Amino acid sequence: MLRIRRDLVDAMVAHARRDHPDEACGVIAGPEGSDRPERFIPMLNAARSPTFYEFDSADLLRLYREMDANDEVPVVIYHSHTATEAYPSRTDVSYAAEPEAHYVLVSTRDPEADELRSFRIVDGEITEELVEIVDVVAEYDRATQSLPE
């Protein structure tokens, strides 16, 4: 299951809507070993295509060096589909190289509704997972077991 803050979901959807009709892509990094998405990193779709996304290799190298320096990993790798459902394509599966990552897809095919789904992709095998969206305030309440002031 992917547990993710509402502001991060909103940021992914906004990025996907902003880049439409091209696919959007990016990463949400988190502390190594935590499976906790924390830092939103929108990336440029180097392909600039409505049917395909590609991270710029230089940008990706910089990102991985930065994450390494911060003891972070790519917890979420996201991109959008502009005309189809939020489900990994064969190309998406062939590019899935992070077995620990959650692969989130946002479909922008319907301008009135947001469709967001998360998958694990390991050795070409796609497994859909539940997405639990949490509010920052609710997360704070649980962590401190008290109400915010």
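This dialogue walks through the sheet, the helices and the cores of a predicted model.

Trainee: Start with the sheet. In what order do the strands run?

Mentor: Read a sheet strand by strand, from neighbour to neighbour. Here 6 strands form an open sheet, ordered β3-β2-β4-β5-β6-β7, with mixed pairing. β3 and β7 (125-129) are the edge strands, each pairing on one side only. Neighbouring strands are turned by 30° against each other on average, direction ignored.

Trainee: How many bridges join β2 to β3, and how many join β2 to β4?

Mentor: Take the pairs in turn. β2 and β3 run antiparallel, joined by 5 bridges. In that pair, Ile28 stands opposite Phe40 of β3. β2 and β4 (residues 72-81) are also antiparallel, with 7 bridges. There, Pro31 has Glu72 of β4 as its bridge partner.

Trainee: And how do β5 and β6 run, parallel or antiparallel?

Mentor: Antiparallel, with 5 bridges between β5 and β6. One facing pair is Leu105 and Arg117, the latter in β6.

Trainee: Which strands does helix α1 lie across?

Mentor: For a helix on a sheet, list the strands, then read the angle. Helix α1 (residues 6-19) lies across β2, β3, β4, β5 and β6. It runs at about 10° to β3. α2 packs on the sheet too, touching β2, β3 and β4. The direction of α2 makes about 170° with that of β3.

Trainee: Now the interior. Which residues touch the most other members of the largest nonpolar core?

Mentor: Look for the best-connected members. That core has 18 residues, and Met43, Phe55, Leu63, Ile77, Tyr103 and Ile121 touch the most other members. Elements giving two or more residues are β2 (25-31), β3 (39-43), α2 (57-69), β5 (102-107) and β6 (115-122). β2 gives the most, with 3 residues. A second, separate core of 13 residues includes Ile4, Val13, Ile28 and Val104.

Trainee: Is β2 itself mostly covered or uncovered?

Mentor: Covered: 6 of its 7 residues are buried.

Trainee: What does Ile121 touch, beyond its sequence neighbours?

Mentor: Skip residues up to four places away in sequence. Ile121 then touches Pro88, Val93, Ala96, Pro99 and Tyr103.

Trainee: One last residue. Why is Ser89 classed as partly exposed?

Mentor: Compare the relative accessible area with the cut-offs. Ser89 has 30%, so it falls between the buried limit of under 20% and the exposed limit of over 50%. Ser89 sits in the loop between β4 and α3 (90-95). Ser89 and Thr51 are 38 residues apart in sequence, and 10 Å apart in space, C-alpha to C-alpha.

Methods. Residues are numbered from 1 along each chain as its sequence is written. This is a predicted model: local features need pLDDT of at least 70, side-chain atom pairs count only at pLDDT 80 or more; totals for chains, interfaces and linings use all residues. Side-chain values use heavy atoms; hydrogens and water are left out. A nonpolar core is a set of buried Ala, Val, Leu, Ile, Met, Phe, Trp, Tyr and Cys residues joined through side-chain atoms within 4.5 Å. Buried means under 20% relative accessible area, exposed over 50%, partly exposed in between (1.4 Å probe, protein chains only). Helices (H or I, at least four residues) and strands (E, at least two) are DSSP runs, numbered from the N terminus. Contact means heavy atoms within 4.5 Å. Two strands pair if DSSP finds at least two bridges between them. Axes are lines fitted to C-alpha atoms, for helices over the stretch in contact, and angles run from 0 to 180 degrees between N-to-C directions.
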